[in-house]
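Subject: Structure for you to look at

Dear colleague,

I am passing on the structure we spoke about, and below it you will find a description of what came out of going through it. Please read the text with the structure open beside you.

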Amino acid sequence: MTPVDATVRPVERADLLAVVRIERACFSDPWPYDAFERLLDEPAFLVAEREGAVVGYVVADSTPNHGRDIGHVKDLAVHPEAREEGIGRTLLRSALARLHAVGVAVVRLEVRESNAAARSLYADEGFDPIRRVSNYYRDGEDALVLVVDLAEWTAGE
């Protein structure tokens with residue numbers, strides 16, 4: 001299947017169990033249900049749905065910052081059986097577009113240093129590393145903090 005087979009839409013409360021199942025399948029230290037529940041109203045909490053099933057999600061929010069609001073991609077995951085089909089890229093681009101639409105100027109995220117697939121996706125979308133955070137993850141792995149300027153990202157689309 002191709003990415004066009006997946007529809008990206010805002011999350012609904014009814015999607016949360018599917019989101020948590022994907023989270024648990026993808027991460028060694030998954031977020032609990034209530035973490036997602038608290039973020040339901042964020043501007044870029046989106047799911048990718050295919051044939052009536054949620055196959056991926058992205059959670060991103062916005063923080064006011066003196067006229068240059070900052071977005072934060074907090075979580076992005078695609079079900080292991082739906083990977084390498086462009087769904088993660090589609091979710092990320094949809095989240096960035098929504099953040100741009102609500103006035104966000106810059107978006108940041110953290111990624112495991114060892115996550116080559118995610119780092120490649122983020123680099124392709126214009127994210128640049130700005131620093132390393134030692135022992136960021138519970139297992140002691142470092143995170144890279146990446147940022148993208150949405151004006152530049154939008155111009156490059």
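E51 is exposed, with a relative accessible area of 68%, and it lies in the loop between β2 and β3. Please keep in mind throughout that this is a predicted model. Although E51 is not a glycine, its phi is positive, at about 50°. The hairpin to which E51 belongs is made by β2 and β3 and has 2 residues between the strands.

A second residue can be described in similar terms, namely E84, which is not a glycine either and has a positive phi of about 60°. E84 sits in the loop that runs between β4 (69–78) and α3 (87–101), and with a relative accessible area of 85% it counts as exposed, because the cut-off for that class is over 50%.

**The strands on either side of E51**

Strand β2 covers residues 44–50, and 6 of its 7 residues are buried, which leaves the strand mostly covered. On one side β2 is joined to strand β1 (residues 7–10) by 4 bridges, with the two strands running antiparallel, and within this pairing V8 has A48 of β2 as its bridge partner. β2 also pairs with strand β3 (residues 53–63), again in the antiparallel sense, over 7 bridges, and here L46 stands opposite V58 of β3.

T7 is a residue of strand β1, and it counts as partly exposed because its relative accessibility is 46%. If its neighbours within four places in sequence are left aside, T7 is in contact with V47, A48 and E49. T7 and Y57 are 50 residues apart in sequence, while their C-alpha atoms are 11 Å apart in space.

**From β3 to β4 and β5**

β3 pairs with β4 in the antiparallel sense over 8 bridges, and in that pairing V59 stands opposite D75 of β4. These two strands form a hairpin with 5 residues between them, and H66, which is in the turn, has a positive phi of about 50°.

How many of the 10 residues of β4 are buried? The count is 8, so β4 is largely enclosed by the rest of the structure. β4 also pairs with strand β5 (residues 104–112), this time in the parallel sense, over 5 bridges, and the bridge partner of H72 in β5 is R108.

R108 appears once more when one turns to V147, a residue of strand β7 (residues 143–149). Leaving aside neighbours within four places in sequence, V147 is in contact with V106, V107, R108, G126, F127, D128 and I130. For G126, which is 21 residues away from V147 along the chain, the separation between the two C-alpha atoms is 8.1 Å.

**The chain as a whole**

With these parts in view, the overall layout may be easier to follow. The secondary structure of the protein chain amounts to 5 helices and 7 strands, and along the sequence these elements follow the pattern β-α-α-β-β-β-α-β-α-β-β-α. The radius of gyration of the chain is 15 Å, close to the 15 Å that the globule rule gives for 157 residues, so the chain is as compact as a globular protein of that length. Along its principal axes, the C-alpha trace spans about 40 × 35 × 30 Å.

Of the 157 residues in the chain, 43% are buried. When contacts between residues at least 6 apart in sequence are considered, 62% of them join residues that are at least 24 apart. The chain exposes about 8500 Å², and carbon and sulfur atoms supply 47% of that area. As for charge, the chain has 18 positive and 28 negative charges, and the mean positions of the two sets are 3 Å apart.

If you would like a place to begin, I would suggest the loop between β2 and β3, where E51 is found, followed by β4 and its pairings, antiparallel with β3 and parallel with β5.

With best wishes

How values were computed:
Residues numbered from 1 in each chain as written. Predicted model: local features only at pLDDT ≥ 70, side-chain atom pairs only at ≥ 80, totals over all residues. Heavy atoms only, no water. Buried < 20%, exposed > 50% of the residue type's maximum accessible area, 1.4 Å probe, protein only. Pairing = 2+ DSSP bridges. Rg over C-alpha atoms; globule rule 2.2 N^0.38 Å. Contact = heavy atoms within 4.5 Å. Areas by Shrake-Rupley, 256 points an atom, 1.4 Å probe, with all protein chains shown as cover. Lys, Arg positive; Asp, Glu negative; His and termini not counted. Charge placed at Lys NZ, Arg CZ, Asp CG, Glu CD.
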